[in-house]
Amino acid sequence: MNGGQDLGGQMGFGPVRPEPNEPIFHGDWEKRVLALNVAAGAMGQWSIDESRHARESIPPADYLSFSYYQIWLAGLQNLLLLHGFVTQGELTEGKPSAPPRPPKRVLKGEDVAAVLRRGFPYEREAQAPAKFSVGDSVRTIVIHPQHHTRLPRYARGKLGVIERVSGCHVFPDTGAQGQPETAQWLYTVVFTGPELWGRDADPTTRVSIEAWESYLEPA
């Protein structure tokens, strides 16, 4: 979806100023937010792409004013509300009003390290040959979906070249909507700066994105 998270090429937001020697966390509450997201995600009630959509659905005025972990906290609240684990009243009051909905599974503290090391693989066996090969010229489609997509707004309707074929992976656009899992071939596509940003862009700039097969058409 087109929201506050998709700012590639947008002007007026000022320069990016990296924080020297930035700590991993700026406060203990950020550690708790990360832990809550890991524990809640391990319940198995939603996919990683649905969690991304929950964060992207935050109103842009809030999204652009929130810190990183404020965004994660707001996204988690959206997911817990949507899936019936809390009510708005419980969030407001800060205490439960009824017995909680039991999750599919519970991540125990002693299992966290092993689960994080194992990760969550999203590569799948291909059901058909890849349509594109390294070196092929392609054009990205133009879409403005209401749901999550991994095709950034600045790279829609643009000419690029396939620089890598990365196998078949879970398609995030449908996964974010809670639909049955599907998978597509995934490609790395490289674009020039002027193609993305116009003739005033640095001609030496190259930008690569990961693009699923349905995002691409032959050029």
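How far apart are the mean positions of the positive and negative charges of the chain? Keep that question in mind while you open the model, which is a predicted one, and begin by selecting the whole chain. If you colour its 22 positive and 25 negative charges in two colours, you are looking at two sets whose mean positions are 2 Å apart.

With the whole chain still selected, turn it about its principal axes, along which the C-alpha atoms fill a box of roughly 55 × 45 × 35 Å. Show the surface next: the accessible surface comes to about 13700 Å², and 55% of this area belongs to carbon and sulfur atoms. Of the 219 residues, 36% count as buried.

Now switch to a cartoon view, in which you can look for eight helices and six strands. Starting at the N terminus, you pass through the elements in the order α-α-α-α-α-α-β-β-β-α-β-α-β-β. As you follow the chain, consider also its contacts between residues at least 6 apart in sequence, of which 66% join residues at least 24 apart.

For a closer look, select helix 2, residues 48–56, which is mostly covered, with seven of its nine residues buried. Display the side chains of D49, E50, S51, H53, A54, R55 and E56, since these are the residues of helix 2 to inspect as buried. Finally, add helix 3 (60–63), helix 4 (68–82) and helix 7 (172–175) to the selection, and you will have in view the elements against which the buried residues of helix 2 pack.

Methods. Residues numbered from 1 in each chain as written. Predicted model: local features only at pLDDT ≥ 70, side-chain atom pairs only at ≥ 80, totals over all residues. Heavy atoms only, no water. Helix = DSSP H or I, 4+ residues; strand = E, 2+ residues; numbered from the N terminus. Buried < 20%, exposed > 50% of the residue type's maximum accessible area, 1.4 Å probe, protein only. Contact = heavy atoms within 4.5 Å. Areas by Shrake-Rupley, 256 points an atom, 1.4 Å probe, with all protein chains shown as cover. Lys, Arg positive; Asp, Glu negative; His and termini not counted. Charge placed at Lys NZ, Arg CZ, Asp CG, Glu CD.
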